[in-house]
Amino acid sequence: MTTIAPSSAYRSAFAAADLGATSGRVILGRVGPHRLDLTELHRFANTPVRLPDGLHWDILALHQGVLEGLREAGRAGGITSLGIDTWAVDHGLLDAEGLLLGNPYHYRDGRTEGAAERVRKEIGPQELYGITGLQHLPFNTVYQLAAARNTTELTAARTLLLIPDLLTHWLTGSIGAEVTNASTTGLYDARSGVWSEDLLARLGIDRGLLPPLRHPGDPAGTLLPHVAEYTGLPADTPVTTVASHDTASAVAAVPATERGFAYISCGTWSLAGLELDAPVLTEASRAANFTNERGVDGTIRYLRNIMGMWLLEECRRTWDGRGLPTDLPALLAEAAQARPFAALVDPDSPEFLSPGDMPARIVDFCARTGQAVPDSQGAIVRCILESLALAHRTTLRRAAELAGREITHVHLVGGGSRNDLLCQFTADATGLPVIAGPTEATALGNILVQARAHGLVGDLATMRRLVAETQQLRHYVPSGNQRRWDAAADRIGLA
């Protein structure tokens with residue numbers, strides 16, 4: 001992250017509320033000719049809460065964290081606008097008076113077990129994919145609603161707001177659904193770019209639950225009086241609709257200046273794929289479980305969700321509870337010295353989805369598949385990183401094949417771009433150069449969409465050139481024995 005220069009060097013400042021699966025933060029971005037600088041104003045934990053009925057987000061704590069960050073923005077002064085991005089699929093339900101009906105469920109909650117099968121009995125998987133173009137994930141919004149069918153909460157609901165739309169509503173009082181996040185629900189028509197009326201009717205979902213769609217750059221209103229009073233921001237401060245799905249914001253900030261790029265947005269999840277002009281809705285694409293989600297300017301994020309740094313973070317959480325070392329640089333140094341390809345896992349195996357003792361699950365997977373059991377923290381970390389690199393390789397190669405594209409280089413953005421070992425493994429596994437960074441791609445994409453809405457930057461290509469020009473990037477070239485990666489991929493079924 002670059003150092004902020006005096007505000008007089010910039011035309012405008014923007015506040016980005018960026019909420020991830022483990023933490024949230026509010027970041028100040030200043031944009032000017034050939035300048036794009038960030039500073040973190042406030043960071044807060046995102047700690048799920050397990051209640052008798054399941055795993056929930058602590059949405060009120062998240063809202064308060066946003067308010068505290070905006071209060072810091074108010075102290076900084078001169079804020080042109082603010083925008084919110086978060087993860088996808090999860091939502092809050094409002095009653096007829098606009099009151100929230102319970103804390104939103106966490107996508108890792110187990111209540112959706114079996115819901116997908118019930119939906120697919122009503123609409124076959126081929127037809128469902130032909131409408132939505134969405135990767136099958138058991139926690140997609142459509143399956144969450146199927147799991148909630150006939151519950152008191154859903155019966156009383158009059159409006160469904162995805163998490164960033166809910167937080168925007170609490171800031172402004174306005175109601176809307178931003179398209180990059182709406183496209184992850186399984187209720188959105190991938191071809192026409194609107195809610196699927198046919199799908200909603202056939203699944204018995206009230207069309208009135210779903211708000212009007214908004215697009216990145218659209219105004220979302222101004223601050224409610226009590227929000228302005230608390231934060232110190234002027235009441236007429238605009239809230240700008242950004243690409244509210246954090247991956248869409250991250251992809252908007254991929255510093256690609258040439259054609260032929262693929263991207264990996266690597267954080268809790270690795271989202272690996274291509275940017276296309278139109279969805280790929282073939283049966284082969286469905287069978288390969290690729291998703292077609294909206295990006296900025298109507299682009300398609302053609303990608304697969306891969307269980308990303310979640311595996312490592314859950315290992316560190318478990319080790320911390322046992323009093324074992326969790327310093328990441330030390331763990332990576334130990335992993336670098338561990339035996340290559342001693343053990344591998346499929347990161348997307350279902351047993352890795354929910355919170356729990358991840359080291360034990362990895363050991364169990366290796367034992368069950370007849371591999372050497374990793375016997376140290378470093379060996380487990382190496383297993384995770386090599387397995388992720390192989391998953392990146394498989395996903396990008398298959399995406400290129402299904403979309404009829406050639407990949408010449410890979411941009412790896414997000415928190416995972418700080419992990420030198422993962423970046424090098426990804427270059428080695430794919431056989432392609434990897435450009436790592438920016439780490440803060442999501443916040444940059446959020447801020448750039450705001451800046452464009454206020455006339456400070458041009459089209460998507462111009463936004464990306466500004467990122468490439470101003471942010472620190474690192475380059476990795478393939479090295480080592482490619483045949484060893486080929487053999488490892490064959491061994492774990494990720495060729």
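## A walk through the sheet and its helices

Val434 stands opposite Tyr476 in β19. That pair is a handy way into this predicted model, so let's start from there.

Val434 belongs to strand β18, residues 434-436. Three bridges join β18 to β19, and the two strands run antiparallel. Step back and you'll see the sheet they belong to: an open one of seven strands, ordered β15-β16-β14-β13-β17-β18-β19, with mixed pairing. The edges are β15 (291-294) and β19 (474-476), each of which pairs on one side only. Look along the sheet and you'll find neighbouring strands turned against each other by 30° on average, if you ignore direction. As a reminder, strands of a sheet pair through backbone hydrogen bonds, either parallel or antiparallel.

Now follow the chain out of β18. The peptide bond from Gly437 to Pro438 is cis, with omega near 5°. Pro438 sits in the loop between β18 and α17, the latter covering 441-453. While we're on backbone details, another one to look up is Asn150: its phi is near 70°, a positive value in a residue that isn't glycine. Asn150 is in a loop too, the one between α4 (141-147) and α5 (152-156).

On to the helices. Two packed helices are described by the angle between their axes and the distance between the axes. A good place to begin is α15, residues 377-403, which packs on α13, residues 328-337. Their axes are 7 Å apart and the angle is about 80°, which makes α13 roughly perpendicular to α15. From α13, the contact draws on Leu331, Leu332, Glu334, Ala335, Ala336 and Gln337, while α15 brings Gln377, Gly378, Val381, Arg382 and Leu385. Sorted by class, that's six nonpolar, three polar and two charged residues.

Helix α15 also packs with α16, residues 420-430, at an angle of about 45° and with the axes 8 Å apart. Those two helices are therefore oblique to each other, and their crossing is right-handed. On the α15 side you'll find Arg382, Leu385, Glu386, Leu388, Ala389, Leu390, His392, Arg393 and Arg397; facing them in α16 are Leu421, Leu422, Phe425, Thr426, Ala429 and Thr430. Here the class count is eight nonpolar, three polar and four charged residues. Notice that Arg382 and Leu385 turn up in the contact with α16 and also in the one with α13.

Earlier in the chain there's another helix pair to visit: α1 (residues 59-76) and α6 (residues 163-172), with axes 11 Å apart and an angle of about 60°. So α1 and α6 are oblique to each other, and they cross in a right-handed way. The residues in contact are Ile59, Leu60, His63, Leu67 and Leu70 from α1, plus Ile163, Leu166, Leu167, Trp170 and Leu171 from α6. Nine of these are nonpolar and one is polar, with no charged residue in the contact.

How far can you lean on all this? The mean pLDDT of the protein chain is 95, and 97% of its residues reach 70 or more. The stretch to treat with care is residues 1-9, where pLDDT stays under 50. The model does have 18 contacts beyond four places in sequence for those residues. Still, where pLDDT is low, the predicted coordinates should not be read in detail.

Key
Residues numbered from 1 in each chain as written. Predicted model: local features only at pLDDT ≥ 70, side-chain atom pairs only at ≥ 80, totals over all residues. Heavy atoms only, no water. pLDDT = per-residue confidence, 0-100. Contact = heavy atoms within 4.5 Å. Axes fitted to C-alpha atoms, helices over the stretch in contact; angles between N-to-C directions. Helix = DSSP H or I, 4+ residues; strand = E, 2+ residues; numbered from the N terminus. Parallel < 35°, antiparallel > 145°, perpendicular 65-115°, else oblique. Left-handed = near helix turned anticlockwise from the far one by under 90°. Nonpolar A, V, L, I, M, F, W, Y, C, P; charged D, E, K, R; others polar. Pairing = 2+ DSSP bridges.
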